[in-house]
Amino acid sequence: MTTDSDLDRQIQEYLQSGPAELSDRVLWAARAQLSTTHRRRARLAWLTPWRNLEMSQSTRLLLTAGGALALVVAIGAGILGGTGNRDAGQHPSASPPTSSGSPSNPAPSAASSEPQSSVFPIPTYPAQSAVPLTATWDTSGGAATKLGLPEMAPDGRIWASSCPESAFRILTPAGKLAETWGPPAGDPHHFNFSMPNGECNGAVAFAPDGGFWVLDFGNFRVVRFDRDRKYLGSWGRFGSGQGEFAHPNDIAVDTVGSVFVADDVRHEIQVFTSDGVYVRSVAAGHAGPFLSTNAEGWVDTDLLPDGRPGLTEYKPDGTYQGGIDMPDLIPKPLGITHDGHGNLYVVGLTLIDAPSTLVRFIAPPGGKQDVWNAGGIAVAVSSAGDAAYVLQASGETIAKYVIPAP
Amino acid sequence: MDVLLVERAIAGDEEAYAGLMAMAGDRLLAIAYRILRDLHRAEDAVQVALVNAWRDLPTLRDPDRFEAWLTRILVRACYVEADRSRRWNANMRVLPIDIPSTSDPMSTVADRDRLDRGFRRLPTDQRAIVVLHHYLGWSQPEIARALELPIGTVKSRLFYATRALRAAIEADDRATSAERPA
């Protein structure tokens, strides 16, 4: 029988061991969020008397009960429950879909020129059928444009690398080509999104402030720009050492500016500081060609540690967290991305390279999953999580799917 | 804790708050780690707590209570982190992997520690009370004031936690005796 004092002593000894100091990384990450954090106003404390320590418990209880009573009276009097102008306040998105645009609100031309059904219908949500983003790429010259991985910029426009010109096609959320951008040929920073064997790829990752990093696939390097597209630097070359790439396929950046590059020949994800200093390798020997990071720096890739297709997650320091084997949902998972809420999206193909599904794992993963018949080879989603832009298996078009917000 | 720094931080001085973060960081990590028993989750909880504290600082009326107030925010961040981890773990199937784990240097020690098994089975709210009482040395009224809990709740959580830890130890003792050859 353990005495009380013995038990207390054992508990105290047990609690003695632990980490000595907080990593500077955590302090920097917290510091980086201060300026964008909306602070509460002091007077709001009076609106939450149950949290005001300076009051006696009876006063807090009285004020709280009084507030609740006032609320009930207000509702009973119809102040909050009035129906006088409810329709006027309805959000536009809540309106039922119409089959054709009204003169004052014409439907987008891209949508009206396409069948009303989606390329790959979403049977679960027929009322919000997907809208093909566009078939109106600027393909002057007749040749179809091969596209790389789409990515949504902080301003809501979609960037997709384009092979013939080794530049980015930048589209509005409605699918209109806004511009084509890239350093011109002859410029030392000109991109090369093609390999000699005909492979085509290129990717971009954005910081919240609009600065971005381009994965210059054919030049085996990462090129950094600020929000005004001013060149800030580059790093990388072909090789197997730190900061070198054999087949760089995808790039991501977390909220503190760490840059992640997936290499599907080296099968690893290299992590760099924002200006290219090598930090560590993640998933060495296990990484798939695609990756995404959430705001906290957790990394997801599309290969299980045993080499089978699946979804694997690593902690910010590269420690293996777990994996999901999902042969029934996506036999060949490919593109991965997160929305602004931290929800994770995965698209892929079937074993015969037909479009499979788009799966959303609601954050934190494990809580809920949504599955739509909207597969492809890469995906970008809006920050709100209400639209998905899926690169089709042909690599030539992107389809937009309107999906229910999480 | 420097009250002047706290007052400047309440007024919106980020530099002052950065100083407070640097001063409080190690202590917060120590508490969070002992509640969550995982370094990375503890770091996540500390980061969330530091940002939440900055958000809520204008509502702090007594700068002298900053430390206890910050501890309460941290404990709540630990609750959220523990819940998040639990839901993740419930759905994730951890597949075998041959890379060495570097996440928790305590794990090999913890496997040998019979108290650890009992502690990890405790609900997070009971763990928090145990840590504040046995690690920080806070009295039950101090805990109740800091966490804004009725004193009876603190007492009952500590009672049930202690009983569970005792049961874990004594169950281990019985198992050891039973396995010992006659």
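Start by selecting B:G137, which comes after helix α7(B) and has a positive phi, near 75 degrees. Keep in mind as you go that this is a predicted model.

**Helix α7 of chain B**

From B:G137, step back to residues 124-135 of chain B, the 12 residues of α7. Draw a distance from the first C-alpha of this helix to the last: the span is 15 Å, close to the 16 Å expected at 1.5 Å a residue. Is the helix mostly covered or mostly open? Of its 12 residues, 9 are buried, so "mostly covered" is the fitting description by the cut-off of 20 or more other C-beta atoms within 10 Å. To see them, select B:Q126, B:R127, B:A128, B:I129, B:V130, B:V131, B:L132, B:H133 and B:H134.

**The rest of chain B**

Now colour the whole of chain B by secondary structure. You should find 9 helices and 0 strands, giving the pattern α-α-α-α-α-α-α-α-α along the sequence. Of the 182 residues in this chain, 36% are buried. Contacts between residues at least 6 apart in chain B join residues at least 24 apart in 67% of cases.

**Over to chain A**

Switch the display to chain A, where there are 4 helices and 23 strands. Buried residues account for 38% of its 406 residues. Of the chain A contacts with a separation of 6 or more, 42% are between residues 24 or more positions apart.

A good place to pause is A:L22, in the loop that links α1 (4-14) and α2 (24-34) of chain A. Why does A:L22 count as buried? Because it has 25 C-beta neighbours inside 10 Å. Show its surroundings and you will see chain B again: beyond neighbours within four places in sequence, A:L22 contacts A:L27 along with B:G25, B:D26, B:L29 and B:V46.

**A four-stranded sheet**

Next, bring up the open sheet of 4 strands in chain A, ordered β9-β10-β11-β12 with antiparallel pairing. Its edges are β9 (248-253) and β12 (278-282), each pairing on one side only. From one strand to the next the twist averages 20 degrees. Zoom in on β11 (residues 268-272), which is joined to β12(A) by 4 bridges in the antiparallel sense. Within this pair, A:Q270 has A:S281 of β12(A) as its bridge partner.

**A hairpin**

Move on to β22 (residues 387-391) of chain A, an antiparallel partner of β23(A) through 5 bridges. The hairpin has 6 residues between the two strands, and A:G395 has a positive phi near 75 degrees. Strand β23 (residues 398-402) is mostly covered, with 4 of its 5 residues buried. Pick A:V390 and look across to A:A399 in β23(A), which stands opposite.

**Into the cores**

Stay with A:V390 and show its contacts. Apart from neighbours within four places in sequence, these are A:V347, A:L358, A:A374, A:G376, A:V379, A:I398, A:A399 and A:Y401. Several of these names come back in the next selection. The largest nonpolar core has 75 residues, and those with the most contacts inside it are A:I251, A:I269, A:L358, A:V379, A:A388 and A:V390.

For the last stop, select A:V256, B:Y17, B:A53 and B:W138, which are among the 56 residues of a second, separate core. In soluble globular proteins, nonpolar side chains tend to be buried together.

Terms used:
Residues are numbered from 1 along each chain as its sequence is written. Chains are lettered from A and ligands numbered from 1 in the order in which they are written. This is a predicted model: local features need pLDDT of at least 70, side-chain atom pairs count only at pLDDT 80 or more; totals for chains, interfaces and linings use all residues. Two residues are in contact if their C-beta atoms, placed from the backbone, lie within 7 Å. The expected span of a helix is 1.5 Å times one less than its number of residues. A nonpolar core is a set of buried Ala, Val, Leu, Ile, Met, Phe, Trp, Tyr and Cys residues joined through C-beta atoms within 7 Å. Two strands pair if DSSP finds at least two bridges between them. Axes are lines fitted to C-alpha atoms, for helices over the stretch in contact, and angles run from 0 to 180 degrees between N-to-C directions.
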